[in-house]
Amino acid sequence: MNEINKILEQNIFRVISDVANKNNTETYVIGGFVRDIFLQRTSKDIDILVIGSGIDFSLKVAKKLGIKKVSTYKNYGTSMFKYKGMDIEFVGARKESYHRESRNPIVENGTLDDDQKRRDFTINAMAFSLNKNNYGELLDPFNGIKDIEDKIIRTPLNPDITFSDDPLRMLRAVRFATQLNFELDKIVFDAISTNKQRINIISKERIIDELNKILLSPYPSVGLSLLEETGLLNEFFPELTKLKGTETINGVSHKDNFYHTLEVVDNLATKTDNLWLLWAGLLHDIGKPRSKRFNKKQGFTFHGHEVIGGRMVTDIFKKFKMPLNEKLSYVKKLVELHLRPIAIVKDVTDSAIRRLLFDAGDDIDDLMSLAESDITSKNEYKVQKFLNNFVIVRQKLIEIEEKDKIRNWQPPITGEEIMQHLNIQPSREVGIIKNNIKDAILDGEIENSKDAAFAFMDKIANKLGLK
Ligand code: CTP
């Protein structure tokens with residue numbers, strides 16, 4: 001028995017087939033599950049196409065399997081239940097997949113052929129029959145199999161129609177090309193360029209979902225470049241396309257920060273599958289266009305781009321309705337600190353290491369990965385030299401952390417204690433004193449103890465005229 005037969009012999013498909021036969025209904029397994037069989041990928045979802053009502057049919061199958069919990073979505077004409085850890089989704093065949101001007105799909109009774117035509121890509125339109133007369137037959141009217149062999153993303157219909165049915169598919173095309181290392185068919189690429197503005201009717205959540213999948217691919221730069229080349233990126237993420245381009249004044253140039261960013265994200269993708277670290281890579285230089293200056297002495301400078309970048313991270317998370325919680329704080333922190341490790345390489349003192357450990361806390365390893373990934377130069381020798389220096393910094397980080405335990409350290413005196421001891425109200429001075437104590441300990445000026453901190457506090461209070 002070959003692999004495909006083995007898969008289609010699973011109980012779920014046999015039960016669906018039996019129920020369909022009894023009820024005189026046609027059913028097919030369709031979409032990503034079929035595609036992934038040929039790509040030898042495992043998928044968690046099974047899409048069942050029903051010629052008729054998907055919801056009614058799913059209830060019959062659930063009953064037969066003894067499944068109580070079925071989620072139905074009447075607006076969309078779909079329903080789903082979980083079976084052996086998989087999501088089994090049922091949908092009635094449609095003639096028109098989506099309303100032209102609205103994001104809400106309309107449900108119409110169509111045939112298998114109608115439904116396959118209205119799907120996004122040829123590789124996602126393939127179906128296996130679950131009907132008794134031709135059980136297991138592959139129905140591939142748009143040559144999805146050949147497109148898998150040729151590694152190409154094509155649409156069943158003219159892509160202008162496919163994309164106007166659901167403009168998110170433009171992003172999906174790029175996402176599949178990135179995940180699978182496929183190319184976009186030329187007319188698909190051109191149709192994205194023509195229809196790019198339509199992406200603006202899509203919800204931010206759906207857009208970010210696709211962008212996240214691109215970032216989690218082996219080479220995110222494949223997708224980010226396609227997004228840029230088609231003009232789609234500029235539609236929904238102009239902050240990123242502003243990084244593009246170089247400028248030369250008096251024979252002095254700066255690098256193209258967009259392509260540099262893509263290299264950084266690719267470097268990170270080889271080291272991590274932490275989505276938020278990849279986001280930090282994507283946004284690490286986002287503040288550069290706003291901070292760019294030129295002077296004769298230094299050439300181009302981007303002073304403070306990490307601070308401006310940190311602020312922009314918040315704006316971008318808000319705009320895309322991304323989580324405004326510890327994920328945001330993490331990305332913002334990494335963007336703000338991304339230059340610190342490289343600055344330390346030039347001067348590896350104990351106090352600089354202690355400060356870095358204090359500021360980065362538990363995210364120090366991720367910060368180091370980001371900083372290492374940020375070293376992109378055509379000059380291999382230069383890259384290697386920096387990376388070797390990072391080995392020294394990492395070693396030193398371990399030594400100092402073992403000795404001083406700074407990662408999760410808090411200064412020995414709280415603001416409350418300062419106010420009580422000096423008998424003062426909440427004020428700027430409290431912050432100044434607290435910071436001075438922290439700095440003195442990190443710089444090794446005073447011991448890391450309550451007694452030393454109180455003595456030091458008295459000294460500063462005298463200076464500030466508080467005693
Ligand atoms: N589909 C579509 N247009 C969309 C989204 C989905 O035509 N905008 C169809 C495709 O046939 C797709 C199927 O619905 O294969 C299931 O969609 P989904 O679960 O989102 O994607 P998968 O193809 O299963 O891939 P993945 O799980 O990687 O998203």
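Trainee: Let's start near the end of the chain: does Ala461 count as buried or exposed?
Mentor: Good place to begin, and keep in mind that this is a predicted model. Ala461 sits in helix α25, residues 450-463. The cut-off for burial is under 20% relative accessible area. Since Ala461 has 0% relative accessibility, its class is buried.

Trainee: How far apart in space are Ala461 and Val430, C-alpha to C-alpha?
Mentor: Ala461 belongs to helix α25. In sequence, 31 residues separate Ala461 from Val430. Their C-alpha distance in space is 9.7 Å.

Trainee: Into which domains is the protein chain divided?
Mentor: Going along the chain, there is domain 1 (2-148) and domain 2 (151-236). After these come domain 3 (256-404) and domain 4 (415-463).

Trainee: How many Å lie between the C-alpha centres of domain 1 and domain 4?
Mentor: Domain 1 covers 2-148, and domain 4 covers 415-463. The distance between their C-alpha centres is 68 Å.

Trainee: On to the ligand: which residues around it come nearest?
Mentor: The ligand has 13 residues around it. Those that come nearest are Arg35, Asp120, Asp166, Arg169 and Arg175.

Trainee: Which atom of the ligand, oxygen or nitrogen, lies 2.8 Å from a polar side-chain atom of Asp166?
Mentor: It helps to set three contacts side by side. Arg35 places a polar side-chain atom 2.8 Å from a ligand oxygen, and a polar backbone atom of Asp120 is 2.8 Å from an oxygen of the ligand. For the side chain of Asp166, the ligand partner at 2.8 Å is nitrogen.

Trainee: What percentage of the ligand's exposed area does the protein bury?
Mentor: The size of an interface is often given as the accessible area lost when the parts come together. Taken alone, the ligand exposes 560 Å². Of that area, the protein buries 76%.

Trainee: Which element gives the largest share of the shell around the ligand?
Mentor: Two elements give two or more residues each to this shell: α3 (32-38) and α8 (168-180). The largest share is 4 residues, and it comes from α8.

Trainee: How many residues of that shell are charged?
Mentor: The shell draws at least three residues from each of domain 1 and domain 2. By type, it holds 1 nonpolar and 3 polar residues. The number of charged ones is 9.

Trainee: Let's turn to aromatic rings. What kind of aromatic pair do Phe121 and Phe176 form?
Mentor: A pair of aromatic rings is described by the distance of the centres and the angle of the planes. The structure holds 14 aromatic pairs. For Phe121 and Phe176, the centres are 5.9 Å apart and the planes stand at 80°. With over 60 degrees as the cut-off, the pair is edge-to-face.

Trainee: Where in the chain is Phe176, the partner of Phe121 in this pair?
Mentor: The pair links distant parts of the chain, 55 residues apart. Phe121, buried at 0% relative accessibility, lies in the loop between α5 (112-117) and β6 (127-129). Phe176 is buried too, with a relative accessible area of 2%, and its place is helix α8.

Trainee: What is the angle between the ring planes of Trp279 and Phe317?
Mentor: Both Trp279 and Phe317 are buried, and they belong to one aromatic cluster together with Phe236, Phe237, Trp276 and Phe320. The centres of the Trp279 and Phe317 rings are 6.2 Å apart. The pair is edge-to-face because its planes stand at 65°.

Trainee: Is Lys405 buried or exposed?
Mentor: Lys405 is found in the loop between α22 (380-404) and α23 (415-422). Its phi is near 50°, a positive value in a residue other than glycine. Its relative accessible area is 52%, and the cut-off is over 50%, so Lys405 is exposed.

Trainee: And near what value is the phi of Asn250?
Mentor: Most residues other than glycine have a negative phi. Asn250 lies in the loop between β10 (248-249) and β11 (252-253) and is exposed, at 59% relative accessibility. Its phi is positive, near 50°.

Trainee: One more: how far apart in space are Ile342 and Ala371, C-alpha to C-alpha?
Mentor: Ile342 is in helix α19, residues 340-345, and is partly exposed, with a relative accessible area of 22%. Ala371 is 29 residues from Ile342 in sequence. In space, their C-alpha distance is 6.8 Å.

Notes
Residues are numbered from 1 along each chain as its sequence is written. This is a predicted model: local features need pLDDT of at least 70, side-chain atom pairs count only at pLDDT 80 or more; totals for chains, interfaces and linings use all residues. Side-chain values use heavy atoms; hydrogens and water are left out. A residue is near a molecule or strand if one of its heavy atoms lies within 4 Å of it. A polar contact is a pair of N or O atoms within 3.5 Å; within protein, one must be able to donate a hydrogen and the other to accept it, and residues adjacent in sequence count only if both atoms are side-chain atoms. Accessible areas come from the Shrake-Rupley method with a 1.4 Å probe; for residues, only the protein chains shown count as cover. Ala, Val, Leu, Ile, Met, Phe, Trp, Tyr, Cys and Pro count as nonpolar, Asp, Glu, Lys and Arg as charged, and the others, Gly among them, as polar. Domain bounds come from an automatic or database domain assignment. Rings of Phe, Tyr and Trp (its six-membered ring) pair if their centres lie within 6.5 Å; planes under 30 degrees apart count as stacked, over 60 as edge-to-face and the rest as tilted. Buried means under 20% relative accessible area, exposed over 50%, partly exposed in between (1.4 Å probe, protein chains only).
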